[in-house]
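Biologist: Please take a close look at a single part of this model and describe it for someone new to the structure.

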Amino acid sequence: MTKRKALMAGNWKMNMNAVEGCRLAADVAAQCNKGYDDREVLLAPPFTILSEVSHALEGKGILTASQNVCWEENGAFTGEIAPNMVKDAGGSAAIVGHSERRHIFGESNEMINKRVKGGLAGGLMIILCIGETLEEREADRTFTVLEEQVRKGLDGVDTGQMEKIVIAYEPVWAIGTGKTASKEQAQEVHAFLRGLLDRIYEKDVADTTRILYGGSVKPANVNELMAQPDIDGALVGGAALKADSFGSIINFQ
Ligand code: PEP
């Protein structure tokens, strides 16, 4: 089976000015000194400092991403950022479909799919976030909801494009709440998602696509999560805002 390279991603959300962000980026880079070649590190700062942070990380082997991306290349789309703008600012990836975009800003699966396809067309790696709410989990709808988010989010994305797709499973009830899915709950969903990729695409896509877990990942739980066979990395919010905690996460055992 193909060995998947872990991806440890920090989502800074709406935090950090330029000085703070460049300092944090440099401190995170200093934590990446173990010479691991089995993992990649990515930081997603706010749009306003993507350029400065990318610049501060030049030559350090750390990827940068925007926290969203538009499907259009330019024009009258107030508040949006085009794939080329992300690349111009030094980014090589975009987070799409984060639960805060879905639940606070009302982004639908259809809109998220346009973002996925636009970002791919613009040459970006896409981290497609999916996740069920607590009500959906309690109503036993977890797999139905996730399947719909994956099928609609990836609609029109072909097998060849899947190498630029990373899926982040982030149960909404675990994001920023301090509640983490247990390693068993997370593994069960990741295995389901890998099977789903096999059904939609083919075994090779299922074997090679990275599926990250997100939702209150911290130094205390990263090792047990990363030990699960279908968990290929983490998308980290709160604990990515401090270099020492994100450093411990990056350097999971
Ligand atoms: C996130 O924002 O993607 C996230 C998982 O946040 P937190 O780690 O704070 O739960």
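Modeller: A residue is called buried when its relative accessible area is under 20%, exposed when over 50%, and partly exposed in between, with a 1.4 Å probe and protein chains only. Helices (H or I, at least four residues) and strands (E, at least two) are DSSP runs, numbered from the N terminus. This is a predicted model, in which local features need pLDDT of at least 70, side-chain atom pairs count only at pLDDT 80 or more, and totals for chains, interfaces and linings use all residues. Residues are numbered from 1 along each chain as its sequence is written, and side-chain values use heavy atoms, with hydrogens and water left out.

The part chosen here is strand 7, which spans residues 210–214. Five of its five residues are buried, so the strand is largely enclosed by the rest of the structure. In a regular strand the side chains alternate between the two faces of the sheet. Here Arg210, Leu212 and Gly214 point one way, while Ile211 and Tyr213 point the other way.

Next come the neighbours of the strand. Two strands count as paired if DSSP finds at least two bridges between them. Strand 7 pairs with strand 6 (residues 165–169) in the parallel sense, over four bridges. Strand 8 (residues 233–236) also runs parallel to strand 7, and two bridges join them. Tyr213 has a place in both pairings: Tyr169 stands opposite Tyr213, and in strand 8 the bridge partner of Tyr213 is Ala234.

The chain between strand 7 and strand 8 includes helix 10 (residues 219–226), and these three elements make a right-handed β-α-β unit. Right-handed means that, with the strands pointing away from the viewer, the path from the first strand over the helix to the second runs clockwise.

The ligand can be described alongside this part. A residue is near the ligand if one of its heavy atoms lies within 4 Å of it. There are 14 residues around the ligand, and Lys13, Glu170, Gly176, Ser216 and Gly237 come nearest. A polar contact is a pair of N or O atoms within 3.5 Å. A polar backbone atom of Ser216 is 2.8 Å from an oxygen atom of the ligand. For Glu170, a polar side-chain atom lies 2.6 Å from a ligand oxygen atom, and for His98 a polar side-chain atom lies 2.9 Å from one. Taken alone the ligand exposes 290 Å², of which the protein buries 96%; these areas come from the Shrake-Rupley method with a 1.4 Å probe.

Notes:
Polar contact = N/O pair within 3.5 Å; in protein donor to acceptor, adjacent residues only side chain to side chain.
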